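Please look over the sequence and the model before reading on. The paragraphs that follow go from the overall arrangement to the individual elements and end at a pair of annotated positions.

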Amino acid sequence: MSFLFSSRSSKTFKPKKNIPEGSHQYELLKHAEATLGSGNLRQAVMLPEGEDLNEWIAVNTVDFFNQINMLYGTITEFCTEASCPVMSAGPRYEYHWADGTNIKKPIKCSAPKYIDYLMTWVQDQLDDETLFPSKIEFNLIDRRELAPLQELIEKLGSKDR
């Protein structure tokens with residue numbers, strides 16, 4: 001994520017993780033937005049009847065990421081390497097970055113760099129189809145059984161993209 005310093009991109013914001021309009025996930029997002037505006041937080045986070053818990057959590061996680069991304073974008077000019085040399089929560093708590101893969105030993109870094117690392121890491125998780133599949137595959141039918149319909153499946157699938 002490139003708020004200020006990422007080597008991955010020169011953009012100020014990461015692109016939003018889009019939920020395709022018309023999809024079931026989009027409908028869940030609209031439901032979440034409608035209930036969140038009701039003022040009843042318990043109702044807003046409650047799993048809608050008949051919905052899959054993992055899909056509900058995924059939709060809300062993506063939306064939360066997009067909201068945080070926009071919020072940080074509004075303050076990025078006030079939190080620079082010079083004005084925020086460490087990522088901290090007051091004088092008693094300092095955060096060091098490690099993702100366990102590229103950076104295994106926690107490193108001290110500025111707040112903007114920490115946020116850059118964090119948002120890039122979250123975006124990578126959201127883009128990982130094994131963690132957040134963009135389409136539900138129930139695997140109810142063995143793929144070999146679908147061979148006679150493969151051409152039709154490919155045509156229909158290409159319209160979703």
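How many helices and strands does the protein chain have? In this predicted model, the protein chain has 5 helices and 3 strands, and their order along the sequence follows the pattern α-α-α-β-β-β-α-α. Of its 161 residues, 29% count as buried, while the surface that the protein chain exposes comes to about 11700 Å², with carbon and sulfur atoms supplying 57% of that area. When contacts between residues at least 6 apart in sequence are considered, 55% of them join residues at least 24 apart.

Helix H3 covers residues 53-75, and its geometry can be checked against expectation: because each residue should contribute 1.5 Å, the 23 residues of H3 should span 33 Å, and the end C-alpha atoms are indeed 33 Å apart, which agrees. At the N-terminal end of H3, Asp52 acts as a cap, with a side-chain oxygen 3.2 Å from the backbone nitrogen of Asn54. Which residues of H3 are buried? They are Glu55, Trp56, Ala58, Val59, Val62, Asp63, Phe65, Asn66, Asn69, Tyr72 and Gly73.

Turning to the strands, S1 (87-88) pairs with S2 (residues 94-97) in the antiparallel sense over 2 bridges, and Met87 has Tyr95 in S2 as its bridge partner. These two strands, S1 and S2, form a hairpin with 5 residues between them, and in the turn Gly90 has a positive phi of about 80°. S2 is also joined by 2 bridges to S3 (residues 107-108), again with the strands running antiparallel; here Trp97 finds its bridge partner in Ile107 of S3.

The loop between H3 and S1 holds two positions of interest, Cys79 and Cys84, and the unreviewed UniProt entry places the feature "binding site" at Cys79 and Cys84. Are these positions buried or exposed? Since a residue counts as buried under 20% relative accessible area, Cys79 is buried because its relative accessibility is 11%, and Cys84 is likewise buried because its value is 18%. Leaving aside neighbours within four places in sequence, Cys84 is in contact with Phe78, Cys79, Ser110, Ala111 and Pro112, so that the contacts of Cys84 include the other annotated cysteine, Cys79.

Conventions
Residues are numbered from 1 along each chain as its sequence is written. This is a predicted model: local features need pLDDT of at least 70, side-chain atom pairs count only at pLDDT 80 or more; totals for chains, interfaces and linings use all residues. Side-chain values use heavy atoms; hydrogens and water are left out. UniProt positions are given in the numbering used here, feature names are shortened, and annotations may be inferred rather than shown by experiment. Helices (H or I, at least four residues) and strands (E, at least two) are DSSP runs, numbered from the N terminus. Buried means under 20% relative accessible area, exposed over 50%, partly exposed in between (1.4 Å probe, protein chains only). Contact means heavy atoms within 4.5 Å. Accessible areas come from the Shrake-Rupley method with a 1.4 Å probe; for residues, only the protein chains shown count as cover. The expected span of a helix is 1.5 Å times one less than its number of residues. A polar contact is a pair of N or O atoms within 3.5 Å; within protein, one must be able to donate a hydrogen and the other to accept it, and residues adjacent in sequence count only if both atoms are side-chain atoms. Two strands pair if DSSP finds at least two bridges between them.
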